[in-house]
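I opened the notebook today to look over one structure, going from the overall picture down to single side chains. What can be read from it, and where should I be careful?

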Amino acid sequence: MGSTGTVLRELRGAQKSAKGVSLYSRYVNRPAGRVLAAGAYRAGLTPNQVTLVSALFTYTALAAVALVEPSWTLALLVYAALAIGFAFDSADGQLARLTGRGGPDGEWLDHVVDCGKLVLVHTAVLISFYRFGELPSDAWLLLPLGFQLAAVVTFCAGLLREHLGKAAAGAPAASATAPVSRVRAIALLPADYGMFCLVFLLLGAPGAFRVGYAVLAVVHTLFLAAFLTKWFRELRALRPG
């Protein structure tokens, strides 16, 4: 087992393409995940175990959102746990590529955890609104449901687009040297889960949190419309004949 520095160098050479990745994921989450993957490698953890560690941090934070009255202390703890969970979510794939121990079971587990996260995060906000929110109107309770719909449809449609597109075109995975658009990386920032997690820093000010969460809901809905249009056109172009 090599030194941590050696492992980090090997991990840098085992990165997925940065194409279609926001600046946050490229310059914050992936490097953080690389450090965690190196630590997991030194500790002898498997990629699936790292996925479960990610789930532990994320789901614990979401349970706290639902069950604990909002405060600035809660805001900091929840954001920290979500950010660490997201970094571990990057670390499991990096560790799998480093060790060659990835497989369909690991990819399946990763997607299950991610899907559960997208459902639970908005369910937790809904419960928090209902229990602690002192909402101006009960209509605010519909907001997490709409945001949840946009998030889950985006996630599922993206996975289907990837798998159906590869099946239809026999397309290989994107090359790590594929051209990367910095403009696109900046434009994707509002849709990045890591940026979404930042809104939980406002939990100590419920009114500000509601506004920030509502703005992100609108932004994610607009991104969903754009993604669905783009993906549909791409898949239609793959029709035989």
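The entries below go from confidence and fold to the cores, then to the charged pairs and a few single residues.

**Entry 1, confidence.** I began with the confidence values, since this is a predicted model. The average pLDDT of the protein is 88, and 86% of the residues reach at least 70. I then looked up where confidence is lowest and highest, and found the low end in helix 1 (residues 4-12), with a mean of 61, and the high end in helix 3 (residues 47-67), with 97. I also marked residues 171-177, where pLDDT stays under 50 and where the model has five contacts beyond four places in sequence.

**Entry 2, overall fold.** I counted the secondary structure next and noted nine helices and zero strands, which read along the sequence as α-α-α-α-α-α-α-α-α. The protein has 241 residues, of which 41% count as buried. For contacts between residues at least 6 apart in sequence, I noted that 83% join residues at least 24 apart. The exposed surface comes to about 12,700 Å², with carbon and sulfur atoms supplying 67% of it.

**Entry 3, two helix lengths.** I checked helix 4 against the expected rise: at 1.5 Å a residue its 28 residues should span 40 Å, and its end C-alpha atoms are indeed 40 Å apart, which agrees. Just after helix 4, I noted that Gly100 takes a positive phi of about 70 degrees. I repeated the check on helix 9 (residues 206-236), whose 31 residues should span 45 Å at 1.5 Å a residue, and its end C-alpha atoms lie 44 Å apart, which agrees. The buried residues of helix 9 include Phe209, Tyr213, His220, Phe227 and Trp231, and Arg210 is also among them.

**Entry 4, nonpolar cores.** Which residues have the most contacts inside the largest nonpolar core? This core has 33 residues, and the ones with the most contacts inside it are Val78, Leu82, Phe196, Phe200, Leu203, Phe209 and Tyr213. The elements that give two or more residues to this core are helix 3, helix 4, helix 5 (104-132), helix 6 (142-169), helix 8 (193-197) and helix 9. Helix 4 gives the most to this core, with eight residues. Apart from this core lies another, of six residues, among them Ala37, Val50, Phe88 and Ala91. As background I wrote that in soluble globular proteins nonpolar side chains tend to be buried together. I then followed Leu203, which, leaving aside neighbours within four places in sequence, is in contact with Val65, Pro70, Ser71, Leu74, Ala75, Val78 and Phe209.

**Entry 5, charged pairs.** How many salt bridges does a search of the whole structure find? The search finds four. In one of them the side chains of Lys117 and Asp114 meet at 3.5 Å, N to O, and because these residues are three apart in helix 5, they are separated by about one helical turn. I looked up how covered this pair is: Lys117 is buried at a relative accessible area of 7%, and Asp114 counts as buried at 10%.

I turned next to Arg161 and Glu234, whose side chains meet in a salt bridge at 2.8 Å, N to O. Arg161 lies in helix 6 and Glu234 in helix 9, so the pair ties together parts that are 73 residues apart in sequence. Arg161 is partly exposed, at 27%, and Glu234 counts as partly exposed, at 24%. Glu234 also forms a salt bridge with Lys230, the closest N and O atoms being 2.5 Å apart. Lys230 and Glu234 both lie in helix 9, four residues apart, about one turn of the helix, and Lys230 counts as partly exposed at 35% relative accessibility. Salt bridges that share partners also join Asp89, Asp114 and Lys117 into one network.

**Entry 6, two single residues.** Is Ser90 buried or exposed? Ser90, which lies in helix 4, has a relative accessible area of 15% and is therefore buried, the cut-off being under 20%. Leaving aside neighbours within four places in sequence, Ser90 is in contact with Asn29, Arg30 and Gly33.

I closed with Glu69, in the loop between helix 3 and helix 4, which counts as exposed at 56% relative accessibility. Not counting residues up to four places away in sequence, Glu69 touches Leu74 and Phe132. Glu69 and Gly204 are 135 residues apart in sequence, yet 9.3 Å apart in space, C-alpha to C-alpha.

Methods:
Residues numbered from 1 in each chain as written. Predicted model: local features only at pLDDT ≥ 70, side-chain atom pairs only at ≥ 80, totals over all residues. Heavy atoms only, no water. Expected span 1.5 Å × (residues − 1). Buried < 20%, exposed > 50% of the residue type's maximum accessible area, 1.4 Å probe, protein only. pLDDT = per-residue confidence, 0-100. Contact = heavy atoms within 4.5 Å. Areas by Shrake-Rupley, 256 points an atom, 1.4 Å probe, with all protein chains shown as cover. Core = buried A, V, L, I, M, F, W, Y, C linked by side-chain atoms within 4.5 Å.
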